[in-house]
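Me: Could you walk me through this model before I set anything up?

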Amino acid sequence: VRKIYQNYSIDEGLTYKLTCFDANYTLKRRIVPYFAGTKYTLKTDIADDMMKDLVRENLGAYVFETARNMSPRFTVQTDASASQIIVVNCEWQNLFDVLQDIARMAWELGTLTLFDTVYIGNDTLEFRTYISFRGTDRTIDTSFPIVFSPTLGNLDDVTFTKDYSEEHNYIYALGKGDGAYRP
């Protein structure tokens with residue numbers, strides 16, 4: 001829980017709104033604090049295994065500084081070697097951003113490689129990778145789709161918002177140079 005919003009109204013009484021982060025927030029709070037060219041920053045490996053190594057080295061069992069070691073409450077799934085071989089140099093970068101970059105590189109090479117941090121019980125989180133998809137496909141085209149609809153009775157007090165506040169109608173793109181010398 002990162003934010004607690006408390007409201008009182010005569011109609012609804014006392015209500016609370018909580019802002020919480022998912023388990024991947026743990027990855028967003030870490031950087032790869034090692035110098036360029038070390039085994040911790042310059043890596044050539046299979047993308048899904050590389051992700052797991054980076055997590056082990058920055059908050060898991062292989063972390064260099066013991067104060068940053070979150071194991072045994074943070075574990076890492078066993079390597080699967082199921083993605084693409086890539087090269088990464090990631091000194092002093094945010095760990096979550098590096099993991100996203102690795103996923104993007106693997107995707108560009110032809111393998112959708114996903115990651116997530118999941119709760120596995122006993123106050124323990126586990127970092128996992130997934131190839132092709134995360135979970136079970138329940139879209140309308142499958143044998144067992146999941147459909148949410150107020151008419152089906154599985155949604156109540158629904159609010160839908162369209163936010164156009166960041167929309168731009170006209171954009172200028174300028175070339176090199178200044179003033180009249182700009183093509």
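Reply: What follows goes through the surface, the pocket and a few backbone details. This is a predicted model, in which local features need pLDDT of at least 70, side-chain atom pairs count only at pLDDT 80 or more, and totals for chains, interfaces and linings use all residues. Residues are numbered from 1 along each chain as its sequence is written, and side-chain values use heavy atoms, with hydrogens and water left out.

Me: ok, which residues form the nonpolar patch on the surface?

Reply: Val1, Ile4, Tyr8, Ile10, Leu14, Tyr16 and Leu18 form it, with about 860 Å² of accessible area together (Shrake-Rupley method, 1.4 Å probe, with only the protein chains shown counting as cover for residues). Patch residues have over 30% relative accessible area and no salt bridge, with nonpolar side chains (Val, Leu, Ile, Met, Phe, Trp, Tyr) joined within 5 Å and like charges within 9 Å; a salt bridge is a side-chain nitrogen of Lys or Arg within 4 Å of a carboxyl oxygen of Asp or Glu.

Me: and which strand gives the largest share?

Reply: Strand 2 does, with three residues, although strand 1 (3-9) and strand 2 (13-19) each supply at least two. Strands (E, at least two residues) and helices (H or I, at least four) are DSSP runs numbered from the N terminus.

Me: Tyr16, buried or exposed?

Reply: Tyrosine 16, which lies in strand 2, counts as exposed because its relative accessible area is 52%, where exposed means over 50%, buried under 20% and partly exposed in between (1.4 Å probe, protein chains only).

Me: switching topic, what lines the largest pocket?

Reply: Its lining is Val1, Arg2, Phe21, Asp22, Ala23, Tyr25, Thr26, Arg29, Arg30 and Met70. On a 1 Å grid over the protein atoms alone, a pocket is an open set of points with protein on both sides within 12 Å along at least five of seven lines, and lining residues have an atom within 4 Å of a point.

Me: how big is the volume?

Reply: The largest pocket has a volume of about 180 Å³, taken as the space filled by probe spheres set on the points, which are joined across faces, edges and corners.

Me: any backbone oddities, say, where is there a cis peptide bond?

Reply: One joins serine 71 and proline 72, with omega about 10°, and proline 72 sits in the loop between helix 2 (47-59) and strand 4 (74-76).

Me: and what about the phi of Trp92?

Reply: Tryptophan 92 has a positive phi of about 60° although it is not a glycine, and its place is the loop between strand 5 and helix 3.

How values were computed:
On a 1 Å grid over the protein atoms alone, a cavity is a set of points where a 1.4 Å probe fits but cannot get out, and a pocket is an open set with protein on both sides within 12 Å along at least five of seven lines; lining residues have an atom within 4 Å of a point.
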